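Reader: I am new to protein models. Could you show me how to read one, feature by feature?

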Amino acid sequence: MFNTIEKPLIMGILNVTPDSFSDGGRHYSLDNALEQCRKMLAEGADIIDIGGESTRPGSDPVSAAQQIDRVVPVIEAIRKHLASDILISIDTTQSLVAEAALSAGANIINDISAGEDDAMIFELTAKRQVPIILMHKQGTPKTMQDKPQYQDVVGEVLNHLMQRINQAIEQGVDRSTIAIDPGIGFGKRKQDNLDLLAHLDRFVESGYPVLLGTSRKRFMGSILDVAEPTELITATAVTTALGVMAGVKLFRVHDIKENRQAVDVAWAIKQRRLSIEP
């Protein structure tokens, strides 16, 4: 799937948790989750990314059983009441959660640990022949913002992702089903996030489709002196437009309409540039 993407896709974030950094508790009930999903689809989301565990800095892990209780009813309800063909990704690091979600109707695994938290997730991916997104993070959500350090953040993140890709392939995962995510905000300082954004082309040049997840991230708030995540919608859309120009294929965002517009305009500009270049 990922290797056939032409125009970039928008992945809408649906957190069914009580404590996510930006929208904790807002879509926790089944009815609220369905309403938010309906809204995201109407505004142009291509994928719905459903997570039952907050990964905000300082958050505690959630058991597989609890994650399953949160996400499976939502996935089943989407399939029953909204869309039988919409792409759904499960945001989890645990193979038990991923398996339950896939059985309920999810299509994609989005693993922020790139298989490090649960090696069985690669075996599951290979068995079910589904796409998987591998993200870089330094440390755990509980500790990842406790003085992260890099000498060469772009090189180190890229090398780590390549190692995880090799491990996935060794476990039988088809390389054409893999996408990568540099993990903006996950164990990164402000300057690290800016370096990664300034060199997205390096990740694109790997040959693997790239997912960018900057939505409402606090490093942008520190630049703008803004504390409220919902005030960072425009800032997020700017990074989305820059990502399109760099060749990013997937954008994981809270605010669909604004980022859909950013993708569509940037894509039109990029296509025009390509059409007139010798």
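**Reading the model**

Author: Start with one pair of side chains: D255 and R216 are joined by a polar contact of 2.7 Å. A polar contact is a pair of N or O atoms within 3.5 Å; within protein, one must be able to donate a hydrogen and the other to accept it, and residues adjacent in sequence count only if both atoms are side-chain atoms.

Reader: What kind of model is this, and how are residues numbered?

Author: This is a predicted model: local features need pLDDT of at least 70, side-chain atom pairs count only at pLDDT 80 or more, and totals for chains, interfaces and linings use all residues. Residues are numbered from 1 along each chain as its sequence is written, and side-chain values use heavy atoms, with hydrogens and water left out.

Reader: How many helices and strands does the protein chain have?

Author: Helices (H or I, at least four residues) and strands (E, at least two) are DSSP runs, numbered from the N terminus. Here the protein chain has ten helices and eight strands.

Reader: Where does D255 lie, and is D255 buried or exposed?

Author: Buried means under 20% relative accessible area, exposed over 50%, and partly exposed in between (1.4 Å probe, protein chains only). D255 lies in the loop between β8 (250-253) and α10 (256-276). Its relative accessibility is 10%, so D255 counts as buried.

Reader: Which residues does D255 touch?

Author: Contact means heavy atoms within 4.5 Å. Residues up to four places away in sequence are not counted, and D255 then touches S215, R216 and I233.

Reader: And its partner: where is R216 found, and what is its phi?

Author: R216 is found in the loop between β7 and α8. Its phi is positive, about 60°, although R216 is not a glycine. R216 has a relative accessible area of 8%, so it is buried.

Reader: What is the phi of A114?

Author: Phi of A114 is near 55°, again a positive value in a residue other than glycine. A114 lies in the loop between β4 (108-111) and α4. Its relative accessible area is 0%, so A114 is buried.

Reader: Which side chain makes a polar contact with the side chain of T214?

Author: That of T239, at 2.6 Å. T214 is found in the loop between β7 (211-212) and α8 (218-224). With a relative accessible area of 2%, T214 is buried. Apart from residues up to four places away in sequence, T214 touches I184, L197, M220, T236, T239 and R252.

Reader: How far apart are the C-alpha atoms of I88 and G105?

Author: Two distances matter in a fold: along the chain and in space. I88 and G105 are 17 residues apart along the chain, and their C-alpha atoms are separated by 7.5 Å. I88 lies in strand β3 (residues 87-91). At 0% relative accessibility, I88 counts as buried. Leaving aside neighbours within four places in sequence, its contacts include I48, I50, G105 and I108.

Reader: What separates the C-alpha atoms of L124 and G105?

Author: They are 19 residues apart along the chain and 15 Å apart in space. L124 lies in helix α4 (residues 120-128). It counts as buried, at 7% relative accessibility. Beyond four places in sequence, L124 touches S95, A98, E99, L102 and I109.

Reader: Is E6 buried or exposed?

Author: E6 is exposed, with a relative accessible area of 56%. Its place is in the segment before β1 (9-15). Not counting residues up to four places away in sequence, E6 touches K249 and W267.

Reader: Now the whole chain. Why does the radius of gyration agree with a compact globule?

Author: The radius of gyration is taken over C-alpha atoms; the globule rule is 2.2 Å times the number of residues to the power 0.38. With 278 residues, a compact globule would be near 19 Å; the protein chain has 17 Å, which agrees. The C-alpha atoms fill a box of roughly 50 × 40 × 40 Å, taken along the principal axes.

Reader: What share of the residues is buried?

Author: Buried residues make up 55% of the 278 residues in the protein chain. Among contacts with a separation of 6 or more, 69% are between residues 24 or more positions apart.
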